[in-house]
Amino acid sequence: MNILNFIKSIGRKYALAGKEKDSSKTGIIPLERIRTAAVFLDADVPGSVNRVKQIYDYFNKKGISVTVFAITLGQQFFSEGMLKAVFIHKENLSWCDCPKQGRRHPSLNVGEDLFISLLPVDSFPVEYAARCSGAQFKVGRKQLSGDVYDLVISEPAGVHVNQIQAFDNIMKFIEIIQA
């Protein structure tokens with residue numbers, strides 16, 4: 001580990017200190033009890049425009065309010081299909097990749113009942129949001145230390161699952177859950 005990564009890790013631990021929600025208060029809940037959702041996706045991946053529209057369409061049909069957070073660390077183009085998404089740019093992150101606070105930066109806390117991360121790799125802004133989220137039900141593609149997610153849909157060994165397939169798989173599992 002180089003010195004910069006070491007310093008970043010200290011900054012991240014400091015940023016999370018005292019902000020993490022109690023994971024014992026979360027658990028798997030049926031879709032009928034979900035009123036609001038937050039979905040995080042990688043906007044730098046091709047096909048993200050279609051994914052945002054599909055996510056909004058899915059949740060709107062179920063009568064669930066949704067906020068899609070599009071994480072982009074590159075030069076993401078803006079198209080009409082992405083206008084509903086809340087973009088998290090490099091400028092919205094501190095030196096240790098924590099989301100900045102304030103009026104000029106989007107809030108990652110939307111009071112969601114359901115938190116979904118579609119990112120297959122570690123992304124500290126999403127980890128920060130997951131750990132600080134008060135969501136009753138948290139779903140991810142890779143478990144974080146401390147068992148942050150209630151449900152993890154991981155990729156089979158040697159198989160790449162894109163964000164579209166991951167969302168479909170996650171929603172299939174959630175629809176099976178009964179009260």
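Helices here are DSSP runs of H or I with at least four residues, and strands are runs of E with at least two. On that basis, this predicted model has 4 helices and 6 strands. From the N terminus on, the elements run α-β-α-β-β-β-α-β-β-α. Of the 179 residues, 46% count as buried. Take contacts between residues at least 6 apart in sequence: 60% of them join residues at least 24 apart.

**The sheet**

- The 6 strands form an open sheet with parallel pairing. Their order is β3-β2-β1-β4-β5-β6.
- The edge strands are β3 (86-88) and β6 (151-152). Each of these pairs on one side only.
- Strand β1 runs parallel to β2 (residues 65-71), and 7 bridges join the two.
- β1 also pairs with β4, again in the parallel sense, over 4 bridges.
- In β1, 5 of the 7 residues are buried, so this strand is largely enclosed by the rest of the structure.
- F40 has a partner in each of two strands. It stands opposite F69 in β2, and its bridge partner in β4 is S117.
- In a regular strand the side chains alternate between the two faces of the sheet.

**Helix α4**

- Helix α4 covers residues 163-176, which makes 14 residues. From its first C-alpha to its last it reaches 20 Å, close to the 20 Å expected at 1.5 Å a residue.
- The buried residues of α4 are Q163, A166, F167, I170, M171 and I174. Seen down the helix axis, they fall within an arc of 125°, so they line one face of α4.
- An α-helix has 3.6 residues a turn, so residues three or four places apart point the same way.
- The exposed residues K172 and I176 sit on the face of α4 turned away from its buried side.
- Several elements cover the buried residues of α4, including β1 (36-42), α2 (48-61), β4 (114-117) and β5 (137-140).
- N162 marks the start of α4. One of its side-chain oxygens reaches to within 3.0 Å of the backbone nitrogen of I164.

**Helix α3**

- Helix α3 spans residues 124-132 and is mostly covered. Of its 9 residues, 9 are buried.
- Among the buried residues of α3 are F124, P125 and V126. E127 and R131 are also buried.

**Aromatic residues**

- The model contains 7 aromatic pairs, counted as rings whose centres lie within 6.5 Å.
- One pair is Y58 with F59. The ring centres are 5.2 Å apart and the planes stand at 85°, so this pair is edge-to-face. The cut-off for that label is an angle over 60 degrees.
- Both residues of this pair are buried. Y58 has a relative accessible area of 16%, and F59 has 0%.
- F40, F69, F115 and Y149 form one aromatic cluster. F40 and F69 also stand opposite each other across β1 and β2.
- A pair of aromatic rings is described by the distance of the centres and the angle of the planes.

**R51 in helix α2**

- R51 is found in helix α2. At 2% relative accessibility it counts as buried, because the cut-off for buried is under 20%.
- The side chain of R51 makes a polar contact with the side chain of Q54, at 2.7 Å.
- Leaving aside neighbours within four places in sequence, R51 is in contact with L41, L118, Q163, I164, F167 and D168. Of these, Q163 and F167 are among the buried residues of α4.
- R51 and V68 are 17 residues apart in sequence. Their C-alpha atoms are 9.9 Å apart in space.

**T72 in a loop**

- T72 lies in the loop between β2 and β3.
- This loop residue is buried, with a relative accessible area of 1%.
- Its side chain makes a polar contact with the side chain of D44, at 2.6 Å.
- Not counting residues up to four places away in sequence, T72 touches A43, D44, F87, I88, H89 and K90. D44 thus appears both as a polar partner and among these contacts.

Methods
Residues are numbered from 1 along each chain as its sequence is written. This is a predicted model: local features need pLDDT of at least 70, side-chain atom pairs count only at pLDDT 80 or more; totals for chains, interfaces and linings use all residues. Side-chain values use heavy atoms; hydrogens and water are left out. Rings of Phe, Tyr and Trp (its six-membered ring) pair if their centres lie within 6.5 Å; planes under 30 degrees apart count as stacked, over 60 as edge-to-face and the rest as tilted. Buried means under 20% relative accessible area, exposed over 50%, partly exposed in between (1.4 Å probe, protein chains only). The expected span of a helix is 1.5 Å times one less than its number of residues. The arc is that of the directions from the helix axis to the C-beta atoms. Contact means heavy atoms within 4.5 Å. A polar contact is a pair of N or O atoms within 3.5 Å; within protein, one must be able to donate a hydrogen and the other to accept it, and residues adjacent in sequence count only if both atoms are side-chain atoms. Two strands pair if DSSP finds at least two bridges between them.
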